[in-house]
Amino acid sequence: MTTITAEAPAAAEEMKPWHNLAGLIVAIRPDWTIETVADVLHRCRNLKTPAELVEIGTRVASSYRKFETPRSIGMVAAGLVEL
């Protein structure tokens, strides 16, 4: 079973692609930070492909009334919450 990875400091080079993808999501939800979204995407990297995570992230970000924080991306990616 693949799970969300534990929070741990990642190398800056490892995080750069996730920061880039997070920028797309933060463009929809400017109240979220790139660092927080990138952390969620990075931690979910074993659950979904980067493309799937961006799709989930943009859909979660677009659902203002249902999802309040970027952590919801991880919940959806793990299948704990439906979109």
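The largest nonpolar core in this predicted model brings together 19 residues, and those with the most contacts inside it are I25, W32, V37, L41, V60 and I73. Each of the four helices α1 (12-28), α2, α3 and α4 supplies at least two residues of this core. The largest share comes from α1, which gives five residues. A good place to enter this core is I25. Leaving aside neighbours within four places in sequence, I25 is in contact with W32, V37, L41, G57, T58, A61 and I73. Among these partners, W32, V37, L41 and I73 also belong to the group with the most contacts inside the core.

Around this core, the overall architecture is simple to state. The secondary structure of the protein chain comes to four helices and zero strands, and from the N terminus on the elements run α-α-α-α. Of the 83 residues in the protein chain, 35% are buried. Contacts that span long stretches of sequence are well represented here: among contacts with a separation of 6 or more, 63% are accounted for by residues 24 or more positions apart.

Helix α2 (residues 34-43) is mostly covered, with seven of its 10 residues buried. The buried set consists of V37, A38, D39, V40, L41, H42 and R43. Two of these, V37 and L41, are among the residues with the most contacts inside the core. The charged residue D39 also deserves a look, and it returns below with its partner in α4.

Helix α3 offers a neat case for geometry. Its 13 residues reach 18 Å from the first C-alpha to the last, close to the 18 Å expected at 1.5 Å a residue. The buried residues of α3 are L53, V54, I56, G57, V60 and A61. They cover an arc of only 165° around the axis, which puts them on the same side of α3. The general pattern behind such spacing is familiar: an α-helix has 3.6 residues a turn, so residues three or four places apart point the same way.

Two residues of α3 illustrate the contrast in accessibility. L53, found in this helix, is buried, with a relative accessible area of 0%. Beyond its neighbours within four places in sequence, L53 is in contact with W18, L41, C44, R45, K48 and A77. One of these partners, L41, is 12 residues away in sequence, with a C-alpha to C-alpha distance of 6.6 Å from L53. A51 is also found in helix α3, but at 59% relative accessibility A51 counts as exposed. The C-alpha atoms of A51 and L21 are separated by 9.0 Å, with their positions 30 residues apart along the chain.

Turning to charged pairs, the count comes to two salt bridges. In one of them, the side chains of D39 and R71 meet at 3.1 Å, N to O. D39 lies in helix α2 and R71 in helix α4, so the pair ties together parts that are 32 residues apart in sequence. The two partners differ in their surroundings: D39 is buried, with a relative accessible area of 18%, whereas R71 is partly exposed, with a relative accessible area of 37%.

The other salt bridge joins D31 to R29, and the closest N and O atoms are 3.3 Å apart. Here D31 is exposed, with a relative accessible area of 53%, while R29 counts as buried at 3% relative accessibility. In both bridges, then, the buried label falls on one partner: on D39 in the first and on R29 in the second.

R29 also appears in the surroundings of Y64, a residue placed in the loop between α3 (50-62) and α4 (71-77). At 47% relative accessibility, Y64 counts as partly exposed. Leaving aside neighbours within four places in sequence, Y64 is in contact with I28 and R29. The link to I28 includes a polar approach, in which the side chain of Y64 reaches the backbone oxygen of I28 at 2.6 Å. The C-alpha atoms of Y64 and I28 are separated by 9.8 Å, and the two residues are 36 residues apart along the chain.

Methods
Residues numbered from 1 in each chain as written. Predicted model: local features only at pLDDT ≥ 70, side-chain atom pairs only at ≥ 80, totals over all residues. Heavy atoms only, no water. Buried < 20%, exposed > 50% of the residue type's maximum accessible area, 1.4 Å probe, protein only. Contact = heavy atoms within 4.5 Å. Polar contact = N/O pair within 3.5 Å; in protein donor to acceptor, adjacent residues only side chain to side chain. Core = buried A, V, L, I, M, F, W, Y, C linked by side-chain atoms within 4.5 Å. Expected span 1.5 Å × (residues − 1). Arc of directions from axis to C-beta. Salt bridge = Lys/Arg side-chain N within 4 Å of Asp/Glu carboxyl O.
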